[in-house]
Amino acid sequence: MQFNNRFPKQEKLKSVKDIGFLFESGKSFNAFPLRVVYAKKTTKTGILANVGVSVPKKNIKLAVNRNLIKRRIKEAYRINNHELKNGIKNADVELNIMLVYTAKEICTYNQIEEKIKVILNRLNTWCEKGCE
RNA sequence: AGAGCAAAUCGUUCUAUCGCGUUAUGCUUGCAUAAUGAGGAAAGUCCGGCCAGCAAAGAGCAUCUAACCCGGGGAAACGCGGGGUGUAGCAAUGCAACAGCUAGUGCCACAGAAAAUAAACCGCCAGGCCUUUGGCUUGGUAAGGGUGAAAAGGUGAGGUAAGAGCUCACCAGUUAUGACAGUAAUGUUGUAAGCUAGGUAAACCUUUAGAGCUGAAAGAUCAAAUAAACCAAGGAUUGAGGGUUGCUCGCCCAAUCUUGGAGGGUAGAUCGAAAGAGGGUAAAAGUAAUUUUAUUCCCAGAUAAAUGAUAGAAAUCCAAUGAAAAUUGGAUAACAGAAGCCGGCUUAUAGAUUUGUUAUUUUA
């Protein structure tokens with residue numbers, strides 16, 4: 001097990017303004033079943049990355065299943081996020097990230113974890129290139 | 001024994017590691033330790049409340065809700081016990097659209113002559129005319145045919161040109177009105193009227209009873225910067241409007257502009273917001289809903305919204321093998337996630353257990 005694989009409240013993306021700004025001007029790519037929207041923060045807050053998770057009601061009807069998917073995504077991010085944080089730290093930036101679930105069926109934890117790894121690697125290389 | 005019906009209960013448990021929310025404590029002030037963290041429906045938002053706001057918080061209408069009877073319970077909604085009527089079922093038992101189409105209006109597809117101030121397509125009967133085994137036409141006729149979910153009481157007799165509640169007998173129903181039984185709903189029964197009237201109120205509506213309206217995104221407080229609204233002063237303009245719960249009345253206020261004052265509450269923060277018509281246990285009263293007394297507990301509190309992931313056991317279920325013990329493999333379920341709280345209702349629900357009860361089959 002890894003040390004310090006945490007995902008506390010402060011690292012969640014909460015502000016409605018930030019989320020609105022992210023969807024307006026952020027970059028994005030797809031990694032089915034997930035869609036990633038990300039951008040550099042406009043002002044630094046001391047937190048390397050704020051991450052939000054969204055499961056649209058349109059695709060997943062029952063609240064129970066939406067909760068289940070959110071928890072699986074958060075768990076996968078929590079376990080695998082330390083390399084990305086290192087990358088961000090080296091590039092000297094801070095990020096806002098939004099993960100949107102686009103599938104209409106419930107994926108297993110293993111499927112989600114693999115995709116999360118792919119996404120985090122891609123973000124990491126983006127940071128190494130200088131966030132452009 | 002398998003099946004049905006009713007009521008009630010459960011609807012995985014434990015351990016380890018890594019995490020998340022809340023609370024408490026500690027200090028190094030963002031970390032450590034400890035405690036705690038979804039349901040019987042948390043759901044639908046259909047009722048009733050608590051709570052809060054709306055202040056000229058008054059009236060009427062509209063709207064919404066309820067709708068067999070008695071008893072008893074509850075804050076109310078609405079349960080509970082017993083009974084009646086209708087209906088489904090062999091039964092246990094379930095269900096209720098159990099006030100009113102004889103207040104009014106509307107609707108009744110297709111088919112059919114006609115779907116409602118009763119109707120004539122075929123048929124039947126009578127009259128008239130003609131080119132007379134027939135045809136045309138005028139009228140009568142609801143017995144027969146065909147259509148339809150539904151065709152205007154049924155059977156028989158009389159009656160008639162043919163027919164018809166046209167008349168009569170019996171049966172069925174309706175309305176009116178008695179008698180008896182019952183607290184009552186209602187039941188049994190008598191008399192009168194040929195009265196025979198289609199269905200639909202889960203169509204509008206009518207009757208009776210109740211509700212002021214809004215809804216925690218309520219509402220209260222707070223920081224920085226604006227605006228709307230508020231108060232005061234001023235001048236000019238407009239001329240009966242504006243506000244008040246869906247409407248009407250009633251009630252309240254003139255409106256617009258400038259300056260000043262005081263203040264202001266957004267996608268932010270705190271409160272509201274978790275000790276209550278509370279839960280558990282025991283005893284007592286009651287068939288029960290429920291009530292009383294004693295004792296004990298504090299039992300989620302988020303806000304882009306915590307309760308998860310992985311591993312291992314147990315237990316249960318399923319499948320295969322086997323005479324059995326057992327072995328191997330698989331699954332952890334169904335419906336479903338708190339969002340102010342409480343009491344109901346309704347809907348969804350794999351599987352398991354207990355109790356009572358019903359008919360059937362087999363055995364004794």
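Which residue follows α3, and what is the sign of its phi? The residue is Asp92, and its phi is positive, near 60°. The legends below start from the whole chain and then move to single elements. The model is predicted.

**Figure 1. Overview of chain A, a predicted model with four helices and four strands.**
Along the sequence, the elements of chain A follow the pattern α-β-β-β-α-α-β-α. The chain has 132 residues, and buried ones make up 40% of them. Its accessible surface comes to about 8,300 Å². Carbon and sulfur atoms account for 50% of that surface. Consider contacts between residues at least 6 apart in sequence: 82% of them join residues at least 24 apart. The mean pLDDT of chain A is 74, and 80% of its residues reach 70 or more. For the complex, the predictor gives an ipTM of 0.78 and a pTM of 0.71.

**Figure 2. The largest nonpolar core, a set of 31 residues.**
Inside this core, the residues with the most contacts are Ile73, Ile97, Tyr101, Ile116 and Leu123. Three strands early in the pattern, β1 (27–31), β2 (34–40) and β3 (49–54), each supply at least two core residues. So do the helices α2 (63–80), α3 (82–91) and α4 (109–128), along with strand β4 (95–101). The largest share, seven residues, comes from α4.

**Figure 3. Close-up of Ile73 and the residues it touches.**
Residues up to four places away in sequence are not counted here. Ile73 touches Leu34, Val53 and Leu99. Ile73 also touches Tyr101, Ile112 and Ile116. Two of these partners, Tyr101 and Ile116, are listed with Ile73 among the residues with the most contacts inside the core.

**Figure 4. Strand β2 and its pairings with β1 and β4.**
Five of the seven residues of β2 are buried, so the strand is largely enclosed by the rest of the structure. β1 and β2 run antiparallel and are joined by five bridges. A hairpin of two residues links these strands. Within this pairing, Ala31 stands opposite Leu34 in β2. β2 also runs antiparallel to β4, with seven bridges between them. Here Tyr38 stands opposite Ile97 in β4.

**Figure 5. The buried and exposed faces of helix α3.**
Which residues of α3 are buried? They are Leu84, Lys85, Gly87 and Ile88. Seen down the helix axis, these residues fall within an arc of 160°, so they line one face of α3. An α-helix has 3.6 residues a turn, so residues three or four places apart point the same way. The cover over the buried residues of α3 includes β3, β4 and α4. On the face turned away from the buried side, α3 carries the exposed residues Lys89 and Asn90. After α3 comes Asp92, with its positive phi near 60°.

**Figure 6. Close-up of Asn124 in helix α4.**
Is Asn124 buried or exposed? With a relative accessible area of 11%, Asn124 is buried, because buried means under 20%. Which residues is Asn124 in contact with, leaving aside its neighbours within four places in sequence? They are Glu83, Leu84 and Gly87. Two of these, Leu84 and Gly87, are buried residues of α3. This view therefore shows a place where α4, part of the cover of α3, meets the buried residues of that helix.

How values were computed. Residues are numbered from 1 along each chain as its sequence is written. Chains are lettered from A and ligands numbered from 1 in the order in which they are written. This is a predicted model: local features need pLDDT of at least 70, side-chain atom pairs count only at pLDDT 80 or more; totals for chains, interfaces and linings use all residues. Side-chain values use heavy atoms; hydrogens and water are left out. pLDDT is the predictor's confidence in each residue, from 0 to 100. Buried means under 20% relative accessible area, exposed over 50%, partly exposed in between (1.4 Å probe, protein chains only). Contact means heavy atoms within 4.5 Å. Accessible areas come from the Shrake-Rupley method with a 1.4 Å probe; for residues, only the protein chains shown count as cover. A nonpolar core is a set of buried Ala, Val, Leu, Ile, Met, Phe, Trp, Tyr and Cys residues joined through side-chain atoms within 4.5 Å. The arc is that of the directions from the helix axis to the C-beta atoms. Two strands pair if DSSP finds at least two bridges between them.
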